[in-house]
Amino acid sequence: MPGDRRAGAAGHAEHVNAAAGLLEAGVPAAEAARVPAGRLGCSQRQARRYVARAAESGRAEVPGEAAVFTVRLPVRLAAAVREHARASGRTISSVAAQALEEFLAGAHGDRPAR
């Protein structure tokens, strides 16, 4: 949307990590919030959120680039994935990505060497 300056997931993680670096360097939280606001052009309020997240959880993992990947599933399986995602407070994408990572990790361990 034009004029929308919200950071995506990677940008958010980078901003949190910048705030974490300032905190790790001993910069007081109030000053650590002023620095990102000036550098990133975000509001003081948003900069304080980055600093609070960094203080609470430390550095954030920067997600890799994502690609759209369409898969046709049986209706029953798609419904089960949606329900699992909803019940766990996660996205369908994160549930599917975790399942595929686990499947591929297991498949590599079971596959005979060529």
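**Legend 1. Overview of the chain.** Helices (H or I, at least four residues) and strands (E, at least two) are DSSP runs numbered from the N terminus, and by this reckoning the protein chain has five helices and zero strands. The model is predicted, so that local features need pLDDT of at least 70 and side-chain atom pairs pLDDT 80 or more, while totals for chains, interfaces and linings use all residues. Residues are numbered from 1 along each chain as its sequence is written, and side-chain values use heavy atoms, without hydrogens or water. Followed along the sequence, the elements of the protein chain give the pattern α-α-α-α-α. Of its 114 residues, 18% count as buried (under 20% relative accessible area, with over 50% called exposed and the range in between partly exposed, for a 1.4 Å probe and protein chains only). Among the contacts (heavy atoms within 4.5 Å) that join residues with a separation of 6 or more, 52% link residues 24 or more positions apart.

**Legend 2. Helix 1 against helix 3.** Helix 1, residues 9–24, packs against helix 3, residues 44–57, at an angle of about 70°, and their axes are 8 Å apart (lines fitted to C-alpha atoms over the stretch in contact, with angles from 0 to 180 degrees between N-to-C directions). This angle makes helix 1 roughly perpendicular to helix 3 (65 to 115 degrees, whereas under 35 is roughly parallel, over 145 roughly antiparallel and the rest oblique). On the side of helix 1, the residues that take part are His12, His15, Val16, Ala19, Ala20 and Leu23, and they meet Tyr50, Val51, Arg53, Ala54 and Ala55 of helix 3.

**Legend 3. Helix 1 against helix 2.** Helix 2 spans residues 29–40, and its axis comes within 9 Å of the axis of helix 1, the two crossing at roughly 140°. That angle makes helix 1 oblique to helix 2. Three residues of helix 1, namely His15, Leu22 and Leu23, meet Ala29, Ala32, Val35, Pro36 and Leu40 of helix 2. His15 and Leu23 therefore belong to both views, since they also meet residues of helix 3.

**Legend 4. Pro36 and its surroundings.** Pro36 is found in helix 2, where this residue is buried, with a relative accessible area of 4%. When residues up to four places away in sequence are not counted, Pro36 touches Leu22, Gly41, Cys42 and Ala47. Pro36 and His15 lie 21 residues apart along the chain, and their C-alpha atoms are separated by 7.6 Å.

**Legend 5. Val35, the residue beside Pro36 in the numbering.** Val35, like Pro36, lies in helix 2, and Val35 is also buried, with a relative accessible area of 19%. Val35 and Leu22 are 13 residues apart in sequence, while in space the distance from C-alpha to C-alpha is 8.7 Å. Both residues appear in the contact between the two helices, Leu22 on the side of helix 1 and Val35 on the side of helix 2.

**Legend 6. Asn17 and its contacts.** Asn17 has its place in helix 1 and is buried, with a relative accessible area of 14%. If its neighbours within four places in sequence are left aside, Asn17 is in contact with Arg59, Ala60 and Val62.
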